[in-house]
Amino acid sequence: MLSLLFSAWVAGQGQALQMSYPAEPSLTGVAVRWSGNSVPFTLRGDRWLATVGIDLDSRPGDHAVDVTFAYEDGRSRLVREPVLVRAEEYPTTELQVEERYVELSPEDQARADREAAETSAIYDTFTPELYWSDAFDVPVRGAKDGRNFGHRRVFNGQPRAPHSGADLRATTGTPIYAANRGRIVLAKELFFSGNAVYIDHGHGLYTTYLHLSKIDVAVGQMVERGEQLGLAGATGRVTGAHLHWGVRLVDARVDPFSLIRVGAQ
Ligand SMILES: [Zn+2]
């Protein structure tokens, strides 16, 4: 039997982690157990690759994940792999927004709770099909970076959930494009997110595009990388026009730009 490559995987809190193993002639499949799902690796050239995420609030330090290697003679081998989570320092931001987004009316609270249940049910769905094969791209043409990922936030003096996406500069009406190929699983107005589009890219990877002024896609539709999803705007809980771009990676909230950096495949 060929020896397996042992390496300590390292990623910061809120970062995508690409795991890879060399192809071996008799190896027919690799999968990692991650957040309750079996995430299959994909063979690209001479490597098996899978992209998983270290959640923003993952405990820093040593973790372990189980990786299964399947061979053509029917044998399989389980290897416990070390993953080191590096602590990241994310600053706190104080923001002023319309009071109705901080002190919610009973109706708005009920609506926000309903929508939170709906979006978490989306993230709990693990699509076994992989819809993409090219690297991820930024949804605003020419954007080099985003702001505020991971920031602890205080709205009108009250602490709220950390910022789980990146904010990209975009004036109202700026075209917003799909970061990669996938299926539209949500396309409507939400209380906090305003006009929102969610794409399921398969294998537990979702991208979200929030605060749009206009939505050009519908639920169930397949979109290609670079296809227009809508126009940037300032809907929902915002301080001004921008694109909020989010990524969920097998249940982890990660910086979308870390997907670009690892060249997720
Ligand atoms: Zn944002």
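Buried here means under 20% relative accessible area, a cut-off worth having in mind for these close-ups of a predicted model.

**View 1. Helix α1 and its buried face.** Let's start with the helix that runs over residues 106–123. Its buried residues are D108, A112, E115, T119, I122 and Y123. Look down the axis of α1 and these buried residues fall within an arc of 90°, so they line one face of the helix. What do they pack against? The partners are four strands: β14 (182–190), β15 (194–202), β16 (205–212) and β20 (243–249). Swing over to the other side of α1 and you find P106, E107 and R114, which are exposed.

**View 2. The length of helix α1.** Here's a quick check you can do with a ruler. How far apart should the ends of α1 be, at 1.5 Å a residue? The 18 residues should span 26 Å, and the C-alpha atoms at the two ends are indeed 26 Å apart, so expectation and model agree.

**View 3. The largest pocket.** This one has a volume of about 1100 Å³. A total of 43 residues line the largest pocket, and those nearest its centre are R153, S164, F192, S193 and R237. Two or more lining residues come from each of β9 (92–95), α1, β10 (152–155), β16 and β20. Helix α1 turns up again here: with eight residues, it gives the largest share of the lining. As for the chemistry, the lining of the largest pocket splits into 18 nonpolar, 16 polar and nine charged residues.

**View 4. Two residues with positive phi.** Some background helps first: most residues other than glycine have a negative phi. N148 isn't a glycine, yet its phi is positive, at about 75°. You'll find N148 in the loop between α1 and β10. Its relative accessible area is 27%, so N148 is partly exposed. H211 also has a positive phi, near 70°, and is likewise a residue other than glycine. H211 sits in strand β16. Is H211 buried or exposed? Its relative accessibility is 5%, so H211 counts as buried.

**View 5. D55 and S58 in a loop.** Zoom in on the loop between β6 (47–53) and β7 (61–71), which is where S58 is placed. D55 is found in the loop between β6 and β7 too. With a relative accessible area of 16%, D55 falls under the 20% cut-off and so is buried. S58 has 19%, also under 20%, so S58 is buried as well. Which residues does D55 contact, leaving aside neighbours within four places in sequence? They are Q13, G14, D251, A252 and R253. S58, with residues up to four places away not counted, touches Q13 and V85. For a sense of distance, the C-alpha atoms of D55 and T93 are separated by 20 Å, with their positions 38 residues apart along the chain.

**View 6. V250 and its many contacts.** V250 is in the loop between β20 and β21 (252–254). The relative accessible area of V250 is 3%, so this residue is buried. Setting aside neighbours within four places in sequence, V250 is in contact with W34, S35, N37, V39, T51, V52, H203 and G204. Take V52 from that list: V250 and V52 are 198 residues apart along the chain, yet their C-alpha atoms are separated by 6.2 Å.

**View 7. L130 between α1 and β10.** L130 is placed in the loop between α1 and β10. At 22% relative accessibility, L130 counts as partly exposed. What does L130 contact beyond its neighbours within four places in sequence? The residues are T42, R44, H201, G202 and H203. E88 is 42 residues away from L130 along the chain, and the C-alpha atoms of these two residues are separated by 30 Å.

**View 8. R169, out in the open.** The last close-up is of the loop between β12 (165–168) and β13 (175–177), home to R169. Relative accessibility is 64% for R169, over the 50% that marks a residue as exposed, so R169 counts as exposed. R169 still has partners: not counting residues up to four places away in sequence, R169 touches V140 and R147. T127 is 42 residues from R169 along the chain, and 31 Å separates their C-alpha atoms.

How values were computed
Residues are numbered from 1 along each chain as its sequence is written. This is a predicted model: local features need pLDDT of at least 70, side-chain atom pairs count only at pLDDT 80 or more; totals for chains, interfaces and linings use all residues. Side-chain values use heavy atoms; hydrogens and water are left out. The expected span of a helix is 1.5 Å times one less than its number of residues. Buried means under 20% relative accessible area, exposed over 50%, partly exposed in between (1.4 Å probe, protein chains only). The arc is that of the directions from the helix axis to the C-beta atoms. Contact means heavy atoms within 4.5 Å. On a 1 Å grid over the protein atoms alone, a cavity is a set of points where a 1.4 Å probe fits but cannot get out, and a pocket is an open set with protein on both sides within 12 Å along at least five of seven lines; lining residues have an atom within 4 Å of a point. Grid points are joined across faces, edges and corners, and a volume is the space filled by probe spheres set on the points. Ala, Val, Leu, Ile, Met, Phe, Trp, Tyr, Cys and Pro count as nonpolar, Asp, Glu, Lys and Arg as charged, and the others, Gly among them, as polar.
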